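Please look over the fold shown here. The report below covers helix packing, cores, buried residues and backbone exceptions.

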Amino acid sequence: MIDTILYNGNIITLDTANPRVTALAISFGRIVAAGSDDDVLNLARPSTVKHNLNGKVVIPGLIDAHLHFEWLSRSLSAVDLYEVPSKAEALDRIAKFAEAHPDHEWILGRGWAQDLWEGGQFPTAADLDPITGNRPAYFSAKSGHSGWVNSAGMRLAGINADTPDPEGGQLLRDENGNPTGALLETAMELVVNALPELTSEQLADQMKIAHDRMLSVGLTGFHDYDDPSSFMGEQVLRERGDLGMRIVKQVKQEWLDHALEVGLRWNFGDDWIRIGGLKIFADGALGPRTAYMFEPYAGEPDNYGMTVVDKEEMVELVSKASAAGLPSTIHAIGDRAVHDVLNIYEFVRKEEAARGEAPETRRHRIEHVQIIHPDDKGRLADLKVIASMQPIHATSDWERSERFWGSERSKWAYNARLQIDMGAVVAFGSDAPVEPFRPFEGLYSAVARRQPNGTPSPEGWLPELKLTVDEALRGYTLGPAYAAGMEDRLGKLAYGYYADLLVIDRDPYETQDEELLHTGIIATMVDGVWRYGGVD
């Protein structure tokens, strides 16, 4: 039985055998025919709902291969400090939010980046205390790798001069050894663990807001990198009948043993919520200058960044997970971190081969791959490791990259062009809320290498690294589908594939870069159901 037919459209399928059609027939959430209007309309039955697209463009639904769903959902009801240009403006926003929300137990927010501020110094508790008083306050940086807490928050978290730096983290201190309120890497957990917990029901309420906004900008699925609490909230969404996106849930290192004890393997679940791989942090990030590098940061001869999990422990974790049926997905930003992770995967690939396991059964990933050493340029492809990258990082960070790594080294940074040319699978995402979750901004970044304000213009940053629209679209569709083990039913519009699609207001293949940025989402369909908007 044909439930729905879309016809009289300009449908981009990403199916190389049938790249453009005018009509689709949908049955029980799947595409059962793709072709001409005449051929598809002939399949209609009296109960079939027919939608005339009136020439509108349709593309496969876009998938964000890396975001933090709980963090994103909670941040939508917190102070927005996303790349504010000065500490003074950040403090002004915090003061106004605190005054407007006297009922909030903690004042929370995210998005600041101290390297955008005059002097580039990390903010302190002393900056916050006059405007927050005795109410605890905590703000995560744009990178997600540093935090800013006031004195009340440090007291609740038990942070004082005697608190040691945790493994893989650092408390910044003044000349007397007292913590300043700036936290790097795992030191953030000292405060995060003291934050009030939301019930799964409360979190699901916040997630519904984020979920609906994501559908409105063209996302039909995502890969989630947050804690098990996020997994619980997602399940509550589904129990309520509110889940209209497909989720791949990664397992963070802290819960690996528990996951293995209960027998979780890659792709356990169904096509709405399924288990992905083991998530590990190899190093930090560019913003706080903790990404682990072969050479020091420009102007900081003693700073090579830092490791979060050392190489020996990562080998043990990845090997254990692989033997139990879980691939790994490892955050690595600096070129030394990427190199070390590739060595780990090379070792584990040999173990897998000895067990007779093909690489396709363990779809290992490196998250971000922000800078790679020239000697490692083809190793992701050789090892069949997925390059999970965020095109918007390139345009957001280009000035930092030039400043911290230098122009010559930056040619090897944010380089999806290189990985595609080498033959690696690339899967694109946003790292939201580190960056906006709007996928067309990511597409624009990939093909234009410019920020939404047009800088750097006119050619873009390192224009030789630009992608074609087709390559960028595949990074948001087929790449994430492959990473999820769903490439036989997700990522393109063809027979047997899910009817996950977007109706948009322009043809991306015939659109100038700036116009691509402003693509309008008319409707979003997931599983054959309009989840946002609709057509007549």
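In α7, residues S200, E201, L203, A204, D205, M207 and K208 meet α8. The α8 side of this contact consists of S229, S230, M232, G233, E234, V236, L237 and R240. By class, the contact has 6 nonpolar, 4 polar and 5 charged residues. The model is predicted. Two packed helices are described by the angle between their axes and the distance between the axes. Here α7 (residues 200-216) and α8 (residues 228-240) pack at about 75°, with axes 8 Å apart. That angle makes α7 roughly perpendicular to α8.

**Nonpolar cores**

In soluble globular proteins, nonpolar side chains tend to be buried together. The largest nonpolar core in this model holds 80 residues. Which of its residues touch the most other members? They are I59, L62, M214, I366, L380 and F440. Helix α11 (residues 335-354) gives this core its largest share, 7 residues. Another core lies apart from it and has 20 residues. V84, F97, W112 and L172 are among them.

Take M214 from the largest core. Leaving out residues up to four places away in sequence, M214 touches L67, F69, L72, L219, F222, M245 and F437.

**Two helices and their buried sides**

Helix α4 (residues 125-132) has three named buried positions: A125, L128 and T132. An α-helix has 3.6 residues a turn, so residues three or four places apart point the same way. Seen down the axis of α4, the buried residues fall within an arc of 65°, so they line one face of the helix. The face turned away from that buried side carries the exposed residues A126 and P130. What do the buried residues of α4 pack against? Their partners are the helices α3 (87-100) and α5 (151-157), plus the strands β10 (107-112), β11 (137-141), β12 (146-149) and β14 (179-185). G133 follows α4 and has a positive phi, near 60°.

Helix α16 is mostly covered, with 10 of its 10 residues buried. The buried set includes P439, F440, E441 and Y444. F440 also belongs to the largest nonpolar core. Just after α16, R449 takes a positive phi of about 55°.

**Two buried residues and their contacts**

H68 sits in the loop between β8 (62-67) and α2 (69-75). Is H68 buried or exposed? H68 counts as buried because its relative accessibility is 8%, and the cut-off is under 20%. Beyond residues up to four places away in sequence, H68 touches D224, Y225 and D226. H68 also touches D431, A432 and P433.

D335 is found in helix α11. D335 is buried, with a relative accessible area of 7%. Neighbours within four places in sequence aside, D335 is in contact with Y292, M293 and F294. D335 also contacts I371, I372 and H373. D335 and I372 are 37 residues apart along the chain, yet their C-alpha atoms are separated by 4.4 Å.

**Backbone exceptions**

Most residues other than glycine have a negative phi, and most peptide bonds are trans. The table lists some positions that depart from this.

| Position | Backbone feature | Value |
|---|---|---|
| T455 to P456 | cis peptide bond | omega near -10° |
| S457 to P458 | cis peptide bond | omega about -5° |
| F28 | positive phi | phi about 50° |
| D527 | positive phi | phi about 60° |

Where do the cis prolines lie? P456 is in the loop between α16 (439-448) and α17 (469-475). P458 is also placed in the loop between α16 and α17.

F28 lies in the loop between β4 (23-27) and β5 (30-35). Is F28 buried or exposed? F28 counts as exposed because its relative accessibility is 67%, and the cut-off is over 50%. D527 is in the loop between β23 (521-526) and β24 (529-533). Neither F28 nor D527 is a glycine.

Terms used. Residues numbered from 1 in each chain as written. Predicted model: local features only at pLDDT ≥ 70, side-chain atom pairs only at ≥ 80, totals over all residues. Heavy atoms only, no water. Core = buried A, V, L, I, M, F, W, Y, C linked by side-chain atoms within 4.5 Å. Buried < 20%, exposed > 50% of the residue type's maximum accessible area, 1.4 Å probe, protein only. Helix = DSSP H or I, 4+ residues; strand = E, 2+ residues; numbered from the N terminus. Contact = heavy atoms within 4.5 Å. Axes fitted to C-alpha atoms, helices over the stretch in contact; angles between N-to-C directions. Parallel < 35°, antiparallel > 145°, perpendicular 65-115°, else oblique. Nonpolar A, V, L, I, M, F, W, Y, C, P; charged D, E, K, R; others polar. Arc of directions from axis to C-beta.
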